[in-house]
Structures are given as structure tokens and as C-alpha cells.
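These are my notebook entries on a handful of residues I looked up one after another. I wrote down what I asked and what I found.

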Amino acid sequence: MEAGASHMYTSHHDKHRCFDETRDGTLSVHHVIPPLPRSIQGNFHIVFAHARQLHLTMHLMFTSAHQYDVFFVDQLSTCIPFLRMFCGKRVVFHCRFPDKLLANGAYVEDQRGMNVSILKYIYLLIYRFPMDWLEEVTTTQADLILANSKFTARVSKSHFSSLRHQLKVVYPGINLKAYISPIDPSDPDILQMKKNAALAIEAFAILRNKDQNISDMRLVLAGAYDPRVEDNIHTLKSLVELAHLSGLIYNIIAPLQSRITVPSFLDLTLNEPDILFLLNFTTTQHSGLLQARSTLALLYTPANEHFGIGPVEGMICGLSILACDSGGHTESIVDQPADQRTGWLYNPRPSVWAQTSEEIYNLSETDRKALSQRARDRAQKMFEMEAMAKSLEEVLEEAVSMGPVLRIGM
């Protein structure tokens, strides 16, 4: 095998909804299709996720596992003890939020206690507790564990009581070249916002009702949409209803190369909508939105996000960033002091976000340029691809230096 070569193994790779590098030959991707569904009628997702990864692991073990020096495992830890015990290889695990924190929706830090019904307790006893135990015991088998922020590391250590590892923080890297190519300067006025978009719509509605002088502003909600996922369908429907109730006109579009059929709603407005829902936008569109001269800000609405790459992408493009005051992105955005600010961090209340959006809209050209330069400088210093690659390489070399794993035990 070529020295320094890396190969990616996955159970799911949709070439119509993936990073360009995974389909254009930049990365060597091995798509091993499992004989298992993702769920049964929308249930048992985590059980099938474990089973699908085990199928992938068995394929790897019986084909090409011997030719690799170390394994880098992302997100799901089921395979770790098998790779160590039967392949004798060291494993580096990229840890995300424990699944038990996300199973019931968005994670809220420091909220552990909950009142449950008898049926809920039976569900936890039969289904969740075994899955949570499996996740924790397999995670602790990794030789080295990475987190994408200090926030993620702290939360993972807090909720995995048996975890004795010192988690290493490696911030995600950004391909800076993707944000320096020229684009069409005729793009419309944009406020780009991702996730928890109800907050964005509510704040936008308050701002529009307060100041009619900004009626030319447009809100663009861009994100992934999969008609097979019930949560995606429900979220889009609820956001459209909220826009309608807020007196805002809207349109929904998707790129021509997208295979999805754009959902049909009443009262769509083709010309000059207040809100544009952009489904499954392309890499080019993504960069274009962030770089458009008329783009004023990126509003990043998720709370307690484990890292949040969106704000970093916005900072690279010199945008003003408004985000929630919790989660990993509080490590990338500087809110105070004002002369060092690269963005704003606030509690996710629509009235507060509307007020801050107005402040961003009314920034002087001098202040906007100064903030833009500070944001670019910080993003390039902390989150460039080369810095992440160097950190990952050091971690992988450390794992290899530990020597082979004895196959007689874990």
C-alpha cells in the first residue's frame, strides 16, 4: 500500500448528497452496502446503526484490514473493540455527543434529571439503557479519543463516567480555497441562517415589522432536506407555517441536479420572496451565499452545538456572525471586548436576535470592515485545513507508536 495513503469505508454514500471530494476521486471511498435497513417504520435507528457498522467492520476485517497501520473511527464506536482485538490495530476515535443526549431531541447542558412515565421507563430499560451502555463501553476501548471542541470534550467526559481518557481537541479545518473564488456579484440580499430556523424567522419578522426601511432584506434558509426523513418533512412544514403566520411571503427551491421533488405548499411566491428556502444547496451555492457582496450576516441558531462549522465558514468570508451563547462555537466566536469582536453571542430569544440583527444591519462601513478583517484573521489562524491536518497526523503517529495490540484481549 502507498505510504501515507488513507481510505474511507462507509455503509452509506449518496453521490447526489455528499462532499465533492468523496465523489471526484480526491478521496478513496469504499461504499459497502449492508443488507440491513436504516430503520423499521422509523424505529430502532440506533440498533440498525450498530448492526450496519458491524457489517462494515466484518467486511473490512475479512478483506483489507491487515494493510492499514491505524484506524480512524468517526461518530459510532461499535467497531472499536473488534478492530483492536481481531486486527491488532490501534484505533483513534473522533467523539461526538453521546447518542443518549440526542435521542430525545436537542441537548441542553446541565439538564440531566427528567420525569418519566412507566411506559417511558420500560422503553429506557429495554432499548435505551443497553444502547447507552454499548456506546460507552466501546468508546472507552479506543486508544486515543478526539473531540471537535472543548465543549464536546467536557460533555462527553461528564456523561461517560467510565471514560478515563484525556480527550484531545482538534478543531475542524476549512478549505480556504473554496471561499476565495470569484462569484456573480448580482446575488440577492441574504441573511443566511441554519438549523433551529424558527428563531431566525421569528427574529426576522420582528425586525421587518419594526423597521419598514429594511423591506429589501431577504432571509435565506439553506440546508439539507431528505423526503425519507420524517423530521425533515415536519420541520419544513412547520417553518412554512410559521412564515405564513408571521406575514412573510416565501418560496422553496432546490438545485437542478438535486434528485428530490420540491414539496408543494400554498401561497408560494416566485418573485422577491421575504424568505427563500434553499434545499440541498450545492458547494458552489454555499460558497456563493457566504461570499455575496449583499450578504450581511450569518445567523447560527443551534444551541449547545458540539462545534458548529457554519460560524467559522462565515468568519472566513468576513461575515458578521450572530449565534447562541452556548456550545462549541463559543470557542470560535469572540463576543467581547467589542474592539476584538468577530460576532455576537446571545440567548436564543427572538426579540434579542431582532435587536442584534438591526445593530448588524446599521453597522458603519468602517466598523463592518474592521469586524470582517478580525473574523477572517481568527478563522485563518485557528481553523485552516493545514492546522487540522497537522494535528490529526500527530495523533495518528502517536497511536501507531504505541505498537500493535495484543490479540488475546481488548
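Is F71 buried or exposed? I found that F71 is buried, because its relative accessible area is 9%, which falls under the 20% cut-off for that class. I kept in mind throughout that this is a predicted model.

I then located F71 in strand β3, which runs over residues 70–74. Leaving aside residues up to four places away in sequence, I listed L60, A65, L83, K89, R90, V91 and V92 as the residues that F71 touches. I also looked up a pair that lies 329 residues apart along the chain, F71 and V400, and noted a separation of 9.6 Å between their C-alpha atoms.

My next entry concerns T10, which I placed in strand β1, residues 7–10. With a relative accessible area of 18%, T10 counts as buried, since the class takes in values under 20%. Which backbone oxygen does the side chain of T10 reach? I recorded the backbone oxygen of H12, at 3.0 Å. When residues up to four places away in sequence are not counted, T10 touches V29, H30, H31, V32 and L56.

I went on to backbone angles and noted two residues with positive phi. F44, although not a glycine, has a positive phi of about 60 degrees, and I found F44 in the loop that lies between β2 (28–31) and α1 (45–61). Its relative accessibility is 44%, so I entered F44 as partly exposed. For N304, which is likewise a residue other than glycine, I wrote down a positive phi near 60 degrees. N304 sits in the loop between β11 (295–300) and α9 (309–316), and I entered N304 as buried because its relative accessibility is 10%.

Which residues does a cis peptide bond join? I noted Q336 and P337, with omega at about -5 degrees. P337 belongs to the loop between β12 (320–324) and β13 (344–346).

My last entry is on the surface, where I looked up a nonpolar patch of about 670 Å², made by I118, L119, I122, L125, I126 and F129. I took L119 from this patch for a further check and found that residue in helix α4, which spans residues 118–139. L119 counts as exposed because its relative accessibility is 70%, a value over the 50% cut-off that defines the class.

Note on methods
Residues are numbered from 1 along each chain as its sequence is written. This is a predicted model: local features need pLDDT of at least 70, side-chain atom pairs count only at pLDDT 80 or more; totals for chains, interfaces and linings use all residues. Side-chain values use heavy atoms; hydrogens and water are left out. Patches are made of residues with over 30% relative accessible area and no salt bridge: like charges are joined within 9 Å, nonpolar side chains (Val, Leu, Ile, Met, Phe, Trp, Tyr) within 5 Å. Accessible areas come from the Shrake-Rupley method with a 1.4 Å probe; for residues, only the protein chains shown count as cover. A salt bridge is a side-chain nitrogen of Lys or Arg within 4 Å of a carboxyl oxygen of Asp or Glu. Helices (H or I, at least four residues) and strands (E, at least two) are DSSP runs, numbered from the N terminus. Buried means under 20% relative accessible area, exposed over 50%, partly exposed in between (1.4 Å probe, protein chains only). A polar contact is a pair of N or O atoms within 3.5 Å; within protein, one must be able to donate a hydrogen and the other to accept it, and residues adjacent in sequence count only if both atoms are side-chain atoms. Contact means heavy atoms within 4.5 Å.
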